[in-house]
Amino acid sequence: MAASTTLGIDPLFHEPVELLSTDARVALSYKRARLLMHEYALTAKDVLKCSDKFWTLQSDPRLPLDIACYTILAAHVGLAIGTLAKFADHRPDVTALVNSMLKLDTVGLFLLSERGHGLDALNIETTAELTAEGFILNTPREEASKWMPATTPSFGIPKVAVVMARLIVAGEDRGCRFFIVPICDKVQMYRGVRSTRLPRRSGTSPLDFSITTFDNVLLPITALLGDSLKAPKNRLQAWWGEVWRIPIGTGAVAGPLVQAMKHAAYIGCSYSLHRHVVGKTPSPVPLMSFWTQRWAMVQAVAVARVLDVWYPTVVKQSVDMSLDSSLRHAYSVITKASIARLLQTCMREVIERCGAQGTFEHNFMARMETDAHGIIIAEGDVLSLCIRLYNELLLGRYSIPAPVHNDTLLWKHAEGLMRSAREYLATCSDHRSEKANAFVLPLAEAGVSAIGHALAYSAAIDAGIPKPLLDVFECAVVRLDAVWYSESAGLSSFEQRMREDRASADVMPRLDEYLRDLQIARHVRAPIVSDAAWKAYVKILPTHSGNADSTRDSGGSFRPQTLPARL
């Protein structure tokens, strides 16, 4: 695709954002989002059908540099345009709006959750009441405030939202529907819409996140997305029909996490190879010569490579219309859960092994680790998604097909966890009992992630990932549940350590090759990757010097103490 030939060239992604003010950074994120929209030139069909171009955007290697930019795009493209595109063929007004959004002349927002209704968004309280003039949109109380899309008018871009509200007809609640709601023009909010900007989230890429409320906002009849004013027969099923883009987004948000893992692996390895320390040896040695350093780095490389080849295949399954919708959603949940938690494990270790340098924002990793917390919650909280999915698997409502390579240690682990969970469930009165709450729910995330690990490993075998990296990936997964592998797979803690040592040692002779295979070097902006990059970076930092006389203090004369006579 054309966009891939220009990746990383535009100076917008070279800016040292840590030296900018918060608002300057937010403004830059909107500019970057517009740049990407122009580069990828998505069509409504690309978004609606989740084309290859749509998925390539989710894996753009620049996105981890600015998760605020990705946050704008995730809501704008995946949710807002995705929801609207279904109506564009037969509604010229929607077509015109979508065309404006595809150029990012208008920013699209997705207002679903409320301050008092996150995981239980089915119970939102915002109302849209049908009147002779149209719909009247209202926020009935503070708890019904929309949380937390970026709705301010502060950055000179018109914004429009698809807002979920309860459709009220003749005093009757007829279920949740989406409405097109103009939020602001380039300068100010539209009448009746109020945006209260939230403080910046700690340590993250900043965005103008807000609390949004509506006070008697008059909407035309055409604001309603859909034709029916009737109450649905099955409200839960109808609700899922409305938010059908959320399951797609669940898998999509894992894309930048995979790219972030590649960044971290390259940064950590580069630093560990060029950074030397003086010990008891005659000459300085690289940090990478220490096993504890080496393991964290090769683990990151292996995990990044395996996830990078698995992600494009598994997200295609999440939108494969030949599969049942439950199974499609399952693949999205498995993707997000397994990738997000592996990133957290690897990123934390790489950050720590880079010492104090790893904690600074200009070296990318600490900020990305914090940004990942937001992604883990966005478009479906990982733990909640896993609980729902694992319960359905345990109850036999559907099953995840075994990977092509189903004789691996990792698939045996996934099957073993499932058997144990079913044994626990068999002792419970039902899956919603207090006993199930205490003994089954805590197993859900590990069980779902284990399925993802095995699927990823199988995909990596098929993709021809080198055996040393496969072995390190396997060891990294074993580490996550060392007790099970000791008790159920016959791998003692000693043997686990020996496998790690052999696997990591086998990576080292070809490490430079494996780092090149990440294809991420030109997108990395962390100055600790080399001494030259660091010295160049220091030159742009604010530096203080002066001519103050150190023999005088601010209070006047300073008299040095007389040194005692030498004995």
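Between which two helices does the loop that holds Glu-379 lie? In this predicted model, Glu-379 sits in the loop between helix H11 (365–377) and helix H12 (382–394). The backbone there deserves a second look: phi of Glu-379 is near 50°, a positive value in a residue other than glycine. Most residues other than glycine have a negative phi, and most peptide bonds are trans. Glu-379 has a relative accessible area of 14% and is therefore buried, the cut-off being under 20%.

A view of the whole chain helps to place such details. The chain has 20 helices and 13 strands. Its radius of gyration is 27 Å, close to the 24 Å that the globule rule gives for 567 residues, so the chain is as compact as a globular protein of that length. Taken along the principal axes, the box filled by the C-alpha atoms is roughly 100 × 75 × 50 Å. Buried residues make up 52% of the 567 in the chain. Among the contacts in the chain with a separation of 6 or more, 75% are between residues 24 or more positions apart. The accessible surface comes to about 25,900 Å², and carbon and sulfur atoms account for 55% of this area.

Turning to the strands, an open sheet is formed by three of them in the order S4-S8-S7, with antiparallel pairing. Strand S4 (146–148) and strand S7 (193–197) are the edge strands, each pairing on one side only. From one strand to the next, the twist averages 15°. Between S4 and strand S8 (residues 210–214), the antiparallel pairing runs over three bridges.

One residue of this sheet combines two features. Met-148 has its place in strand S4, and its bridge partner in S8 is Ser-210. The peptide bond that leads from Trp-147 to Met-148 is cis, with omega near 5°. A cis bond is worth noting because most peptide bonds are trans.

Beyond the sheet strand S8 comes another backbone feature. Asn-216 lies in the loop between S8 and strand S9 (217–219). Like the glutamate described at the start, Asn-216 is a residue other than glycine with a positive phi, here near 50°.

What surrounds Ser-272, leaving aside its neighbours within four places in sequence? With those neighbours set aside, Ser-272 is in contact with Pro-286, Leu-287, Met-288, Gln-293 and Met-297. Ser-272 itself belongs to helix H8 (residues 254–274). Its relative accessibility is 0%, and it therefore counts as buried. The side chain of Ser-272 also reaches the backbone oxygen of Gly-268, at 2.8 Å.

Pro-11 offers a contrasting case, in the segment before helix H1 (22–40). Is this proline buried or exposed? Pro-11 is exposed, because its relative accessible area is 59%, and exposed means over 50%. In sequence, Pro-11 and Cys-50 are 39 residues apart, while in space their C-alpha atoms are 29 Å apart.

Technical notes
Residues are numbered from 1 along each chain as its sequence is written. This is a predicted model: local features need pLDDT of at least 70, side-chain atom pairs count only at pLDDT 80 or more; totals for chains, interfaces and linings use all residues. Side-chain values use heavy atoms; hydrogens and water are left out. Two strands pair if DSSP finds at least two bridges between them. Helices (H or I, at least four residues) and strands (E, at least two) are DSSP runs, numbered from the N terminus. Axes are lines fitted to C-alpha atoms, for helices over the stretch in contact, and angles run from 0 to 180 degrees between N-to-C directions. Buried means under 20% relative accessible area, exposed over 50%, partly exposed in between (1.4 Å probe, protein chains only). A polar contact is a pair of N or O atoms within 3.5 Å; within protein, one must be able to donate a hydrogen and the other to accept it, and residues adjacent in sequence count only if both atoms are side-chain atoms. Contact means heavy atoms within 4.5 Å. The radius of gyration is taken over C-alpha atoms; the globule rule is 2.2 Å times the number of residues to the power 0.38. Accessible areas come from the Shrake-Rupley method with a 1.4 Å probe; for residues, only the protein chains shown count as cover.
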